[in-house]
Amino acid sequence: MPRSAPIFTNFTAGELSPRLEGRVDLQKYPNGCKTLQNMIVQKHGPASRRGGFHFASEVKNSAKKTRLLPFEFSATQAYIIEFGDQYARFYKNYGQIQTGPFDDVFDVPFNKGATFEISTPYLEEELFEIVITQSADVLYIAHKNHAPRTLSRLSDTSWTLAVITFLDGPYNTINATETTFGLSATSGTGVTITASAVTGINDDLGFLTTDIGRFIRFEDASNKETYLLITARADTTHVTADFIGPNASSTSAQTGWRLGAFSDTTGYPSVVTFFEQRLVWAATTTRPQSLFFSVSADFENHAPTDVDGDVLDDSGFVYTIATDQVNTIRWMRAGKVLSIGTAGGEFIVSQGDQNSPLSPTNTRVVRQTTFGSAAVTPPQVGNSVLFLQRASRKVREYVYQFETDAFTAPDLSILSEHITEGGVIEIAYQQEPDSIVWMARSDGKLVGMTYERAQDVIGWHQHTIGGTDAKVESVAVIPSQDGSQDDLWAVIQRTINGSSVRYIEFLTNGLAEGSVNTEQATFLDSMLSYNGTPATTLFGLSHLEGQTVSVLADGASHPPRTVSSGSITLNASYRTVHVGLAYTSTLETMRIEAGAKDGTAQGKKKRIARITYRLYQTLGLKHGPTPDRLDIIPFRSSADDMDEAPALFTGDKEVEFPRNWDKDGHIVLVQDQPLPMTVLAIMPELNTTKT
């Protein structure tokens with residue numbers, strides 16, 4: 001009966017696919033888990049229980065979907081924006097921005113005052129098509145159904161959403177037909193523009209009512225450029241317009257005209273970003289493969305020439321990606337080059353001459369890969385763009401490879417493909433403290449991928465949110481108030497007291513680094529915390545009305561309570577209390593591959609007699625060979641005061657393992673109390689036999 005003592009040294013491979021159960025030859029196999037539920041892979045190796053989600057507010061209308069978007073002015077001044085059906089609300093410093101007083105019984109205020117909000121044109125079904133980019137206090141917003149807008153911040157309670165009034169352009173290509181435009185005047189407002197025919201105008205339909213608000217630019221008889229803005233439409237060959245640009249030198253009809261690229265007729269850009277000091281829009285309805293570059297350092301000006309008709313290096317310009325099929329641009333990310341994802345492949349935009357700046361005559365677009373991209377804005381992590389493949393299931397790492405002098409896109413989800421099945425609808429990157437890419441799945445599951453390419457850490461984990469029918473519908477990340485970390489925010493739908501609600505919550509650390517006790521442990525969802533004079537009855541819990549809640553009181557697990565009239569009564573007076581919905585964290589190892597006398601240990605009976613867990617700041621665990629056969633690991637000793645919670649444990653915990661002969665050799669660790677768990681290593685003593 002061979003005996004062995006293997007060690008699981010780290011969990012950096014995360015939860016592995018069930019299809020890899022037989023791949024004990026994989027280098028990452030011993031560092032992977034069969035199950036990693038409500039656990040986070042830390043980039044240096046351990047697996048830790050995730051913190052709880054702290055309640056911030058209910059959304060304005062729980063009957064409708066809501067999306068969160070970040071607004072980051074600086075590392076210490078950031079906001080979460082709640083975009084709902086034709087409105088926006090704002091959050092800062094873990095609370096909702098209001099114009100009235102706060103109820104501060106709990107340490108995070110919730111809406112008892114008047115909530116500050118603004119109106120928007122975006123309907124519920126349009127929210128997840130919004131794309132944003134930011135410059136200082138101005139957020140630029142793209143949506144295919146709406147004219148581009150800016151959201152500007154003046155103060156916490158002063159925000160302005162406005163349609164961008166472009167100074168000039170952008171434009172479609174110059175007319176190539178015999179159709180002429182003539183003017184009734186060379187300057188002023190209310191000028192009539194007469195077209196000689198409808199040919200070349202809106203697919204030969206002529207002027208349309210949806211052209212109102214659209215630019216017209218043309219070269220007049222003296223070869224000077226001017227432009228006007230359409231204010232009214234009479235019929236298919238006549239519109240009224242106001243001069244915006246220089247006066248014309250003649251009213252004679254000319255063929256050298258072009259129409260604005262953005263309008264209700266053509267649709268509006270669906271993607272936006274900054275690159276090389278230019279604001280870049282892309283993918284209108286009629287021009288899904290086109291990029292619209294602003295004038296350099298003049299973001300709301302797309303003038304293609306100067307008044308003399310000369311194209312300058314800093315002029316605005318339009319570039320249409322030429323491919324063998326129509327591939328709508330889905331996303332753009334700016335770095336050393338401009339990375340572009342389309343429905344049919346991935347491209348880069350760069351200077352043709354690397355020694356000169358990007359310009360209308362020095363732009364090069366090259367296809368790099370042909371996987372095709374989903375319409376989900378990808379995060380940029382270091383030099384890599386982590387994008388979703390077209391079906392929204394595979395996460396690919398778009399990165400430059402020096403050896404081939406090209407960009408490649410390896411599949412980061414190949415070892416854990418089951419985690420993204422069903423499709424991902426939103427991605428957010430949390431750089432600190434553990435470099436995690438968070439994703440909301442279409443079925444409401446929250447999944448994470450710990451990503452540290454320099455250390456070859458790509459570890460996936462799944463998260464089930466506490467509560468009945470809980471689903472994560474949107475995620476966003478902003479820096480914390482003190483700039484020490486990044487905070488994940490989420491819209492979570494769940495059933496409370498028989499009704500479907502949507503709450504905005506943020507993920508806590510769970511336990512502060514260096515803690516010696518569990519008094520400030522925050523391992524509950526939709527939770528609120530009380531810190532104050534000893535109290536027996538706690539109010540302000542109306543968001544959990546009718547729910548059976550878990551309680552951590554002065555660092556000890558308290559018997560569950562049911563919220564009634566927004567309050568609970570405890571069995572004694574406590575000064576620090578955390579109240580919320582319970583969730584269970586589970587770590588289950590892969591099948592052990594060790595201890596066989598004649599080859600592999602797979603398929604042979606094995607038994608773990610004793611086991612040593614190397615733990616860090618941990619308290620209260622269960623363990624066993626399967627999730628339904630678990631023993632409690634003792635942490636309290638005779639030296640501990642019975643009226644106080646035991647201290648957090650760091651070190652090796654050697655315990656008897658629930659004895660059982662089986663052919664799998666799984667090790668299961670479970671934490672179902674509102675307490676911390678960090679596993680550094682697992683060291684079983686293993687016996688293996690053929691029979």
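Rings of Phe, Tyr and Trp, the last taken by its six-membered ring, count as a pair if their centres lie within 6.5 Å, and planes over 60 degrees apart make the pair edge-to-face. In this predicted model, the count by that rule comes to 26 aromatic pairs.

**Aromatic pairs**

One of the pairs is formed by Phe 215 and Tyr 227, whose ring centres are 5.9 Å apart and whose planes stand at 75°, so the pair is edge-to-face. This contact links distant parts of the chain: Phe 215 belongs to strand E18 (residues 215-219) and Tyr 227 to strand E19 (residues 225-235), 12 residues apart. Phe 215 has a relative accessible area of 9% and is buried. Tyr 227, at 10% relative accessibility, also counts as buried.

Phe 635 and Phe 649 form an aromatic pair that is edge-to-face, with 6.0 Å from centre to centre and 70° between the planes. Here too the pair links distant parts of the chain, 14 residues apart: Phe 635 lies in the loop between strand E48 (629-633) and strand E49 (649-656), and Phe 649 lies in strand E49. The cut-off for buried is under 20% relative accessible area. Phe 635, with a relative accessible area of 15%, is therefore buried, whereas Phe 649, with 21%, is partly exposed.

Five residues, Phe 71, Tyr 79, Phe 90, Phe 116 and Trp 159, form one aromatic cluster.

**Charges over rings**

Two arginines have their charged ends placed over aromatic rings, as listed below.

| Charged residue | Ring | Distance from ring centre |
|---|---|---|
| Arg 50 | Tyr 583 | 3.9 Å |
| Arg 153 | Phe 73 | 5.0 Å |

**Strand E50 and its partners**

Strand E50 covers residues 668-671. In a regular strand the side chains alternate between the two faces of the sheet. In E50, Val 668 and Val 670 point one way, while Leu 669 and Gln 671 point the other way. All four of these residues are buried, Gln 671 included.

E50 pairs with strand E45 (residues 585-589) in the antiparallel sense, over four bridges. Within that pairing, Thr 586 stands opposite Val 670 of E50. Strand E47 (residues 621-626) also runs antiparallel to E50 and is joined to E50 by three bridges. On that side, Gly 624 stands opposite Val 668. The two valines that point one way from E50 thus have their counterparts in two strands: Val 670 faces Thr 586, and Val 668 faces Gly 624.

Note on methods. Residues are numbered from 1 along each chain as its sequence is written. This is a predicted model: local features need pLDDT of at least 70, side-chain atom pairs count only at pLDDT 80 or more; totals for chains, interfaces and linings use all residues. Side-chain values use heavy atoms; hydrogens and water are left out. Buried means under 20% relative accessible area, exposed over 50%, partly exposed in between (1.4 Å probe, protein chains only). Two strands pair if DSSP finds at least two bridges between them. Rings of Phe, Tyr and Trp (its six-membered ring) pair if their centres lie within 6.5 Å; planes under 30 degrees apart count as stacked, over 60 as edge-to-face and the rest as tilted. A charge sits over a ring if NZ of Lys or CZ of Arg is within 6 Å of the ring centre and within 35 degrees of the ring normal.
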